[in-house]
Structure formats: structure tokens, C-alpha cells
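Student: I should like to go through this structure by asking how its descriptions are justified.
Tutor: Please put your questions one at a time.
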Amino acid sequence: MSEDVQGQAAEASESSESSEATIAVHWREEGYYPPPPKFIGQANASDPAILDRFAEENFPECFREYADLLHWDEYWHTTLDTSDPPFWKWFADGKLNASYNCVDRHLARDRNKAALIWVPEPEDAGDTVVTYQELYRRVNEFAAVLQDLGVQAGDRVTLHMPMVPELPVTMLACARLGAVHSQVFAGFSGAACGGRIADSGSKILITMDAYYRSGDLLDHKVKADEAVEAARKEGQEVDKVLVWRRFPGQYSAKTPMVESRDVFVDELLAEHQGAVVEPVSMPAEAPLFLMYTSGTTGRPKGCQHSTGGYLSYVTGTSRFYQDIHPDDTYWCMADIGWITGHSYIVYGPLSCGTTSVIYEGTPNYPDAGRPWRIAERLGVNIFHTSPTAIRMLRKVGPDEPAKYNYHFKHMTTVGEPIEPEVYRWYFNTVGKGEAVIVDTWWQTETGGFIGTGLPGIHAMKPGSCGPAALGVYLQILDENGDPLPPGSGKAGNITARNPWPGIFQTIWGQPDRFVSTYFAKYNKDPDSQDWRDWPYFAGDGAVQASDGYFRILGRVDDVINVAGHRLGTKELESSALAVQEVAEAAAVPVIDDVRGRVVEMYVSLKPGYTASAEVEAKVKTAIETDIGKIARPKNIWIVPDMPKTRSGKIMRRVIAATSNFADVGDITTLANPEVVEQIRHQVQAAKVSRGEVPRELTETEEAEIKAFGSEG
Ligand code: WTA
């Protein structure tokens with residue numbers, strides 16, 4: 001450890017005495033942590049010449065370096081085709097297969113190496129080790145099952161699967177056939193899954209009967225029935241529900257199978273033992289998968305990712321930013337149901353030919369030592385998780401990591417800003433001062449990291465994601481589209497001035513929404529075929545320090561980031577509005593020291609109804625049914641009226657300020673200013689009596705709350 005780092009470590013151990021409540025009160029500019037020399041010595045990227053190779057004058061050809069990490073059946077002729085902006089085509093006319101790249105091509109050298117190590121949640125159950133050879137067998141056999149059911153290239157297939165090895169097998173089997181998988185996070189409700197089935201036009205749903213979560217074996221099949229029903233209401237029939245069994249041969253759900261529609265996968269597989277399915281050679285621009293995410297309307301967006309561009313980008317970033325080598329044991333504790341798991345549990349790591357660990361359960365089950373026991377037992381040396389998980393593990397087991405003999409060379413953080421104090425615990429206690437931390441800023445839409453430092457080259461700075469990623473030219477613009485100079489200390493909208501291979505291709509079925517949400521804001525000439533005229537608007541606020549490092553401040557739209565997961569206020573509100581008694585609804589974020597943000601819901605009732613615990617419960621149930629438990633509001637406030645502008649728009653920033661005990665700001669434009677005080681009294685008195693008074697907000701948090709919500 002260098003002196004610098006030791007000094008910081010000493011400072012950090014002092015400050016970890018301070019209480020949770022002081023975290024992030026002040027985010028001053030932090031000092032740098034240089035990467036340990038031992039790390040640099042082995043890093044995939046340690047020569048700064050790589051920065052020149054990806055400099056703007058070498059764009060877009062610089063990205064050949066990523067594409068050349070793959071096996072192409074046919075080489076592409078144009079690296080970036082800009083003829084139909086902003087529908088970019090990367091590696092145009094190239095052909096490849098994603099499953100071949102993640103599986104087959106590793107067989108010659110590494111057939112007996114573990115591709116996946118699956119750790120079931122019950123601690124006495126053994127791991128399942130899936131070698132590359134075994135993965136090849138399983139992917140082929142399941143691809144044969146799908147082929148037998150008529151699945152073809154271009155068909156959409158919805159998956160609603162938990163964290164089991166059958167999930168990557170299913171994804172790769174779809175990819176082998178060129179079918180487009182759309183995996184829905186298992187924690188989402190059946191109705192949420194059904195909406196995604198309908199939107200994508202899937203005729204097949206693939207699920208599992210049950211899985212373990214916090215010690216319980218949950219019936220998951222029940223959600224499939226709800227999903228099929230919800231899809232039918234939107235006009236989409238599901239012909240087949242394929243049910244993997246958590247324990248093959250034994251059904252673990254109570255929900256009955258529906259005759260002729262529902263089939264056990266293990267029974268179908270028995271008919272296809274030893275089957276080999278030729279990987280279908282797909283155009284680079286063929287869609288590989290859809291990943292739905294929340295936005296500013298009630299309807300989630302199916303982000304469509306390409307085969308060639310996406311796979312190149314996640315392979316390149318896994319190699320240079322995650323520093324994945326084929327002989328590493330890599331563990332990303334995210335869920336495959338989110339983009340992080342797609343890019344950095346399945347496609348990136350497997351394409352790099354490494355060993356990827358998959359854990360079924362919750363990180364603190366049965367206790368806060370679980371992740372560190374797994375890391376010690378499996379020899380994990382690259383660890384990847386979210387600030388919410390780090391905060392939670394720090395809270396419940398601050399001294400646990402020291403009890404276990406594991407050694408990380410590299411740790412990732414993703415999904416939310418990480419407070420410097422939490423960062424220091426991650427560095428000193430989890431990483432034992434030996435591991436680099438790579439804070440990665442990106443989105444479902446971006447496919448892979450776009451703001452983050454190169455761990456063998458750039459020093460780390462707690463709380464900042466770092467500079468722009470290789471070949472991505474980030475810039476902060478003001479509302480008029482003028483750039484804010486680095487170091488100005490001013491917050492603005494972070495944009496990427498150029499496309500990169502991992503960027504999503506469109507919103508499934510809604511190309512206009514794709515253009516209007518992400519590009520219209522800063523595009524000055526819709527006819528231009530020059531990529532420079534099409535900055536990508538990410539929807540996040542940020543500041544750039546004079547060293548060029550970016551600090552992400554959070555969403556500037558109607559999205560609330562709960563524990564690193566995006567929830568759209570409109571989605572939450574439309575489900576509350578479906579409750580018969582509810583007249584109006586508004587969802588706002590509340591600062592939370594573990595989950596980052598949590599949701600509070602304000603509702604007013606139709607005439608003739610009175611507030612009751614029953615109505616509150618109905619709203620909660622509606623949200624859990626439509627979206628899932630993850631979206632359950634912390635509080636539901638039934639208020640006499642909403643603060644509104646004269647044109648009748650709800651002012652979310654006023655109620656957000658109320659929930660966070662912040663200054664409500666200027667309310668002179670309100671039609672009903674008197675209700676502000678009434679609501680404040682009602683909500684804050686209840687919070688005081690429940691012991692929910694928040695700590696003092698930081699300046700950035702205060703700014704976020706003040707800016708929250710369009711006034712619609
Ligand atoms: C936020 C997750 C700060 C951001 C990969 C973004 C972050 C949203 C970071 C995307 C980070 C992601 N620091 N904030 N390192 N990474 N975010 O689509 O607001 O689930 O827009 O993708 O998470 O969330 P999504």
C-alpha cells in the first residue's frame with residue numbers, strides 16, 4: 001500500500017466512528033486513491049497509449065479494437081453507419097452469433113473450466129459448477145427444445161426467471177437461434193411481466209416453479225398465470241409456458257400446471273439429450289435482447305440491444321474496466337434481471353471466457369458474513385455490487401469482511417452515487433486496501449459503462465464515477481445546449497456527444513419515443529447525418545471537476561432510483577389511480593441512508609370517501625400487484641388536496657420537500673397555497689411520531705428534491 005493510501009486509510013478509520021447520519025452531509029472534493037502497483041502490473045489496460053487510440057480523432061474506427069475481441073462469421077464493412085440518425089448501425093453487414101462467442105469459442109482451450117459457479121441460497125446446499133463444455137451441452141439441448149416449439153430468429157421470448165444457471169442457459173439458447181430474449185426481473189409482479197409480454201409480442205413465457213429468497217422457497221409459477229392473463233387483456237396470447245423446476249423432477253410450486261399450455265422443461269430436455277444446434281449467423285444489427293426500464297410515462301420502455309455492437313462493447317469494457325482475465329473468478333452480485341446482470345454477469349464475462357459466479361439469494365442471508373464466505377470459498381478476486389448492498393452490509397456487519405480470508409484485486413460499484421464515507425469502508429474493509437474500486441456510471445440504455453476510470457491508469461476519487469469511458473465523449477450541457485466548462489462547479493445535463501457500440505438501438509415498437517426522449521432535446525438539425533449533431537441525453541444531472549472527473553447527481557426526470565432500480569413516478573401513480581377511491585396520486589422520492597431513495601405516495605380521494613387504513617392498504621396492494629414488492633411505498637399519505645398550479649398541475653417538488661423536511665421553496669404560483677401547510681403538518685407530525693425524521697440533507701440532495709418532478 002502506498003503512503004498516500006495508508007494516510008487515507010487512517011483518516012477513514014477515524015471517520016468511520018461517525019454515525020450513519022453524517023454520511024454524505026458534505027460532498028467536498030475528495031482526494032485520489034492511486035491503483036496499487038500490483039494491480040497495475042497485471043492490468044489489461046495499463047499503458048496510457050490506449051487513451052490516444054480511443055481519442056476523438058480516431059472515432060469511430062477505434063471501436064474495431066472491441067469488435068476484434070469477438071469471433072465474426074463475416075467481417076463488417078462499415079464500422080459506424082450514420083445514414084439514418086440516431087438509428088446507428090455498428091459493424092454494418094458483419095455477422096456473428098452471441099452464443100457462439102460466449103460458449104463454443106472457449107471449448108478448444110477451456111472446455112473443463114468453470115463458466116458458471118452457482119451458489120444456491122441455502123448454505124448447506126452444494127454449488128453447481130457448469131464448465132464451458134457443460135454449458136455448451138445445456139445451451140444446445142435447450143436451443144433444440146425451443147427450435148422444436150417453432151422458435152425462430154427474430155421471435156421475442158419473455159423470460160421471468162430467478163438467479164439460477166438455467167437463466168443464462170435460456171438466454172444463450174435464444175441467442176443461439178437468433179431469437180430476442182426479454183428477461184423480466186423475477187421480483188416484478190405477474191402483471192408487470194404480462195405487460196412486457198404484450199409489448200414485445202411474445203408467444204412463449206419461460207419461468208421457474210420456485211426459488212429461494214431470504215430463507216423461503218417462493219412459489220414463482222403463480223406469477224406466470226397472472227402474466228398470461230395480463231397479456232391476454234392487452235391482446236397477446238401466450239401459447240406455451242415453459243417451467244424449469246428448481247429441483248428437476250420435483251414440482252415446488254402450489255399453483256397447478258395448465259394443461260397443454262404449461263410444460264416442464266426437464267421433461268422436454270429428456271427428448272433432446274445430446275442435441276446440437278448450429279448457431280445462427282446473425283447480422284451485427286439484429287436485436288439480441290430487450291430490457292424494459294421505467295421512464296417518464298406509465299409505459300415501460302423495451303430497450304432494444306444489438307448483437308454485434310452490444311457484444312463488442314460489453315466484451316471490451318469487461319476486459320478493460322472490470323479487468324477480467326480468463327483465469328479470474330468474477331462475482332457480480334447484481335440480478336441478471338437488470339441490465340447489469342445481462343452485461344456483466346452473462347455476456348461480458350462469458351465472452352471473455354472467465355468464471356462467473358451466480359448467487360441465488362439475498363446478500364445478508366443467513367447473516368452479513370455470507371458474501372465474504374462465498375468469496376473466500378470460491379477464491380473470488382473481482383467483486384461487483386451496488387452502493388445499496390454496500391451500505392446495507394456495512395450497517396449490519398461492519399466487521400464481517402475482516403473475519404474471512406479472501407482477496408479482491410478489483411471491486412465495482414454501480415447504479416447509484418456512492419457516498420465517500422461508504423466508499424472508504426468498501427475500500428478499506430471490504431477491499432482490505434488491496435483492491436481498486438471502479439465506480440461505473442451507465443444505464444439500461446447504454447448497454448455498458450460510459451463514465452468510469454480505467455483501473456490500471458486513472459486514480460480513483462470517492463463519489464465520482466471518473467472520466468468518460470474509452471471512445472465516449474461526455475459533456476455537460478445547460479438547458480440551452482451550451483457546454484458547462486469542466487471545473488465550473490455548475491450542475492447540468494450529462495450527455496454523450498457521440499454514439500458508441502453498446503448504445504441501445506431503439507425503444508421496441510416506439511421509434512419516435514426513442515428519438516424524442518433521448519435525442520430531440522439537443523439535436524438542432526433533424527436531417528443531419530453527422531453524429532456530432534446528435535448528443536445523447538441521459539436524463540441525469542452531473543458536475544464535472546477540473547480534473548475532468550464526473551460526479552453524477554441523479555435523475556432529472558420523473559424517475560426515482562430506489563436501491564439502484566429505476567421506478568417511474570407515472571407507473572406508480574397510474575397504479576394508485578386504479579384504486580376506486582383515489583382521485584389523484586403523486587409519487588415522490590425520500591432520501592434513505594440504505595436504499596438511497598425510497599418512494600412515498602400522496603393520494604387524494606374522490607368526493608364521498610374518507611381516509612382510512614383500508615384505502616392505504618389498497619393502494620399498497622395495487623402497486624405491488626402492478627409492479628412488484630420492490631416498488632412498495634414507504635408511506636402513503638391520504639391528503640385533503642394536492643398542491644397545484646393554477647392550471648391544475650400537481651407540484652411534486654412541494655410534496656417531495658415536505659416528505660424530506662426540506663424547504664418547500666416558492667409557492668406563490670400555487671392555486672391553493674394553504675394546503676401546503678396543512679399537508680406539512682399532517683405528514684411531518686406523523687413522521688416525528690414514527691421516528692422517521694431524516695438527517696439534514698446535503699446541498700445536492702436538497703437541490704434534487706427542489707428540482708423534482710415535472711409539474712404535470
Ligand atoms: C443511476 C443501471 C451514480 C443514474 C446500470 C442512471 C448512477 C441510472 C451510477 C440508470 C453511478 C447508474 N453513479 N448514479 N455509478 N450508475 N446510476 O438503467 O441515475 O437501472 O441514469 O442502469 O442509475 O439505472 P439503470
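Student: How do you know that an oxygen atom of the ligand is in polar contact with the side chain of Asn 561?
Tutor: This is a predicted model, in which local features need pLDDT of at least 70 and side-chain atom pairs count only at pLDDT 80 or more, while totals for chains, interfaces and linings use all residues. Residues are numbered from 1 along each chain as its sequence is written, and side-chain values use heavy atoms, with hydrogens and water left out. A polar contact is a pair of N or O atoms within 3.5 Å (within protein, one must be able to donate a hydrogen and the other to accept it, and residues adjacent in sequence count only if both atoms are side-chain atoms). An N or O atom in the side chain of Asn 561 is 3.3 Å from the ligand oxygen, so the pair is a polar contact.

Student: What makes the pair formed by Arg 566 and the ligand a polar contact?
Tutor: A side-chain N or O atom of Arg 566 is 2.8 Å from an oxygen atom of the ligand, and the pair therefore meets the definition. Of the ligand's 530 Å² exposed when taken alone, the protein buries 96%; these accessible areas come from the Shrake-Rupley method with a 1.4 Å probe, and for residues only the protein chains shown count as cover.

Student: Which residues around the ligand are the closest?
Tutor: The closest are Asp 439, Thr 444, Asp 540, Arg 555 and Arg 566, out of 17 that surround the ligand. A residue is near a molecule or strand if one of its heavy atoms lies within 4 Å of it.

Student: Why are α8 and α13 called oblique?
Tutor: Angles under 35 degrees count as roughly parallel, over 145 as roughly antiparallel, 65 to 115 as roughly perpendicular and the rest as oblique. Axes are lines fitted to C-alpha atoms, for helices over the stretch in contact, and angles run from 0 to 180 degrees between N-to-C directions. Helix α8 (residues 166-177) packs against α13 at about 60 degrees, with the axes 11 Å apart. The two helices are therefore oblique to each other.

Student: Why is α9 called oblique to α10?
Tutor: The axes of helix α9 (residues 190-200) and helix α10 (residues 221-233) cross at roughly 45 degrees and come within 7 Å. That angle makes α9 oblique to α10. Helices (H or I, at least four residues) and strands (E, at least two) are DSSP runs, numbered from the N terminus.

Student: Where is Pro 60 found?
Tutor: Pro 60 is in the loop between α3 (49-53) and α4 (64-67), and a cis peptide bond with omega of about 0 degrees joins Phe 59 and Pro 60.
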